[in-house]
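This report describes selected features of one protein model, with strand pairing, a pocket and several individual residues as its topics. The sequence and structure are shown first.

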Amino acid sequence: PETDRKIQFLFLQDVCKINNDWELTAGIRYDHYSDFGKTINPRLSMVWQSSDKLTSKLMYGQGFRAPSFQELYTDSSRAKSNPYLQAEKSETLELAFSYALNKALNFDFNIFNFHLSDSISKDANRQFQNFGEHKIYGIEAQTSWQLTNDLKFIANYSHRFPQNNDLRVVEVPEQEAYLRADWKFTPGWNWNVQANWVAERIRSDNDSRDAVDDYLITDTTLRYRGLKQWEFA
């Protein structure tokens, strides 16, 4: 069916510099959707300049995902709509460290905890309902190295530890890694190579198929920007 949605929102944020080493950022956002209602989500961030090289951050935030038009209004052979759905809600707590060894070499390390509630999934009658929940915590690490003015490397790795197996997060990988190299080998020319490794994707508890295979994808791009406003890749 034809339908429409009107969205109104208000966002307020304040940055408070407590002293030379501490900074607090506080924000709140109000959203009103004409078809499902309102939601209010805060955000807090405390930043500590621990030393000239180390920055520490403690961050908390709430978020939401509004139900889609399909979930609210569209019936099909595979699913039944539900006009009474509420938004999915999320809470995230994160502790992050950034260490700059020098201007060329930087390390980042994050610990996070994520909680999703009122997840939208189909029930036994194939109708969308708010009933799913998912909790996950994990770590992320990244290194950025500007080896020379023309050559840069970036590498990161993440490991997630899911606490349950909600249908919304099926096949989300528990491990991922990324490696990229950028080389400006002559004026106007850039060549990069990047690789993505994805591993340990789980299936739902009622899915009897074999686990999804791990995989590695490697891409390379040659780019030229030396002809006025033209760019070729």
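The text below goes through the strand pairings, then the second largest pocket, then a set of single residues.

The model is predicted.

## Strand pairing

Strand β1 covers residues 7-17 and strand β2 covers residues 22-33; the two run antiparallel and are joined by 11 bridges. Their connection is a hairpin of 4 residues. Within this pair, Asp14 has Ala26 of β2 as its bridge partner.

β2 also pairs with strand β3 (residues 37-48), again in the antiparallel sense, over 12 bridges. Here the hairpin has 3 residues between the strands, and Asp31 stands opposite Thr39 in β3.

β3 in turn is joined to strand β4 (residues 54-65) by 6 bridges, and these strands run antiparallel. A hairpin with 5 residues between the strands links β3 and β4. Met46 has Leu58 in β4 as its bridge partner.

β4 and β5 pair in the antiparallel sense, with 12 bridges. In this pair Arg65 stands opposite Glu88 in β5.

The table lists these pairings by number of bridges.

| Strand pair | Bridges | Sense |
|---|---|---|
| β1 and β2 | 11 bridges | antiparallel |
| β2 and β3 | 12 bridges | antiparallel |
| β3 and β4 | 6 bridges | antiparallel |
| β4 and β5 | 12 bridges | antiparallel |

As general background for reading side-chain directions, in a regular strand the side chains alternate between the two faces of the sheet.

## The second largest pocket

Rolling a probe the size of a water molecule over the atoms shows where empty space is left. The second largest pocket has a volume of about 180 Å³. It is lined by 15 residues, and those closest to its centre are Glu140, Ala141, Asn156, Tyr157 and Ser158.

Which strands supply at least two residues each to the lining of this pocket? They are β6 (105-122), β7 (128-146), β8 (151-162), β9 (173-186) and β10 (189-201). The largest share, 4 residues, comes from β8. By class, the lining of the second largest pocket contains 6 nonpolar, 5 polar and 4 charged residues.

## Glu71 and its surroundings

Glu71 lies in helix α1, which spans residues 69-73. Is Glu71 buried or exposed? Its relative accessible area is 8%, and because buried means under 20%, Glu71 counts as buried.

The side chain of Glu71 makes a polar contact of 3.1 Å with the side chain of Arg65. A polar atom of the Glu71 side chain also lies 2.9 Å from the backbone nitrogen of Ser68. Leaving aside residues up to four places away in sequence, Glu71 touches Arg65, Ser81, Asn82, Leu85, Ile120 and Phe128. Arg65 therefore appears in two settings: it touches Glu71, and it stands opposite Glu88 in β5.## Ser77 and Arg201

Ser77 is placed in the loop between α1 and β5 (88-100). With a relative accessibility of 66%, Ser77 is exposed. Along the chain, Ser77 and Arg126 are 49 residues apart, and their C-alpha atoms are separated by 9.1 Å.

Arg201 is found in strand β10. Arg201 is buried, with a relative accessible area of 17%. A polar atom of the Arg201 side chain lies 2.8 Å from the backbone oxygen of Asp213.

## Positive phi values

Most residues other than glycine have a negative phi, and most peptide bonds are trans. Two residues with a positive phi are described here.

Asp118 is not a glycine, yet its phi is positive, at about 55 degrees. Asp118 lies in strand β6. Its relative accessible area is 27%, so Asp118 is partly exposed.

Lys228 is a residue other than glycine with a positive phi, near 45 degrees. The position of Lys228 is in the loop between β11 (215-227) and β12 (230-232). Lys228 is exposed, with a relative accessible area of 75%.

Key:
Residues numbered from 1 in each chain as written. Predicted model: local features only at pLDDT ≥ 70, side-chain atom pairs only at ≥ 80, totals over all residues. Heavy atoms only, no water. 1 Å grid on protein atoms, 1.4 Å probe; cavity = no way out; pocket = protein on both sides within 12 Å on 5 of 7 lines; lining within 4 Å. Points joined across faces, edges and corners; volume = space filled by probe spheres on them. Nonpolar A, V, L, I, M, F, W, Y, C, P; charged D, E, K, R; others polar. Buried < 20%, exposed > 50% of the residue type's maximum accessible area, 1.4 Å probe, protein only. Polar contact = N/O pair within 3.5 Å; in protein donor to acceptor, adjacent residues only side chain to side chain. Contact = heavy atoms within 4.5 Å. Pairing = 2+ DSSP bridges.
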